[in-house]
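User: Could you take me through one part of this model up close, including what packs around it? I'd like it as one connected story rather than a list.

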Amino acid sequence: LKVLRPILHELKNAVNLTLKHKGTAGMIIFTTLAFQLLQTLSMIFLYYAIDSYPNPWIMLAICLLIFVLVNIPVSVNGIGYREGLFVYFAPVMGVQAETNLMVSLMFYVANLLLAGIGLILYLNKRIRIENIKRDS
């Protein structure tokens, strides 16, 4: 419990700060929802790429649920947990479990490649927030 106390205190401070700036809170919520919708859209495109056509509305609901559940710290970066959830929800989506597993792995690899590109750019540029503040 002593370990959680400082984390909860910082979380409380962050929530209070966000509530003071309602425009910022609205923008955070909007960008988060937009990001999740774009991720779901990319999942739908992965299904279409392998000639599997689940209902997009069911996909939207299940993907948003899975993206929330993956944030529970059960495994490192949700590896295995995400795939298990996609296999579990396969009957609801009307897709075979093997197809869901393959799409989930392809989605993870695509995100990993994009993050790797960002890491390479970050390491090459080495732009720090302090440098940006000094320049402006």
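Analyst: What follows is a walk along one helix, out to its surroundings and back.

First, the ground rules: this is a predicted model, in which local features need pLDDT of at least 70, side-chain atom pairs count only at pLDDT 80 or more, and totals for chains, interfaces and linings use all residues. Residues are numbered from 1 along each chain as its sequence is written, and side-chain values use heavy atoms, leaving out hydrogens and water.

The part to zoom in on is α2, residues 22–49. Helices here are DSSP runs of H or I, at least four residues long, numbered from the N terminus. Is α2 as long as its residue count suggests? Its 28 residues at 1.5 Å each should span 40 Å, and the end C-alpha atoms are indeed 40 Å apart, so the two agree. (The expected span is 1.5 Å times one less than the number of residues.)

Now for the side of α2 that's hidden. A25, Q36, Q39, T40, M43, I44, L46 and Y47 are its buried residues, where buried means under 20% relative accessible area, exposed over 50% and partly exposed in between, with a 1.4 Å probe and protein chains only. Some of the spacing rings a bell: an α-helix has 3.6 residues a turn, so residues three or four places apart point the same way. The cover over these buried α2 residues includes α1 (4–20), α3 (56–69), α4 (81–88), α5 (90–93) and α6 (97–125). From α1, take V15 as a sample: it is partly exposed, because its relative accessibility is 41%.

Two of the buried α2 residues, M43 and Y47, turn up again in the largest nonpolar core, a group of 17 residues. A core like this is a set of buried Ala, Val, Leu, Ile, Met, Phe, Trp, Tyr and Cys residues joined through side-chain atoms within 4.5 Å. M43 and Y47 share the list of residues with the most contacts inside it with M59, I66 and M93. The elements giving two or more residues to this core are α2, α3, α4 and α6, and α3 supplies the largest share, with five residues.

Stay with Y47 for a moment. Skipping neighbours within four places in sequence, Y47 is in contact (heavy atoms within 4.5 Å) with S52, P54, M59, F86, M93, V95, T99, N100 and V103.

F86 leads to another corner of the model: S104 touches F86 too, along with R82 and E83, not counting residues up to four places away. S104 belongs to α6 and has a relative accessible area of 0%, so it is buried. R82, over in α4, is also buried, because its relative accessibility is 8%. Beyond S104, and with the same sequence neighbours set aside, R82 touches I66, V70, N77 and Y108. Of these, I66 is one of the core residues with the most contacts.

R82 also pairs up with a charge. The whole structure has one salt bridge, and E83 forms a salt bridge with R82, with the closest N and O atoms 3.4 Å apart. (That term needs a side-chain nitrogen of Lys or Arg within 4 Å of a carboxyl oxygen of Asp or Glu.) At 7% relative accessibility, E83 counts as buried. L101 of α6 has E83 and V87 as its contacts, leaving aside neighbours within four places. L101 is partly exposed, at 34%, and its C-alpha is 7.8 Å from that of G84, although the two are 17 residues apart in sequence.

Back to the end of α2. Just after α2, D51 takes a positive phi of about 60°, which is notable as a residue other than glycine. D51 sits in the loop between α2 and α3 and is exposed, because its relative accessible area is 60%. Looking back along α2, D51 and T31 are 20 residues apart in sequence and 30 Å apart, C-alpha to C-alpha. For another loop, try G80, between α3 and α4: G80 is partly exposed at 42%, and its C-alpha lies 22 Å from that of S52, 28 residues away in sequence.
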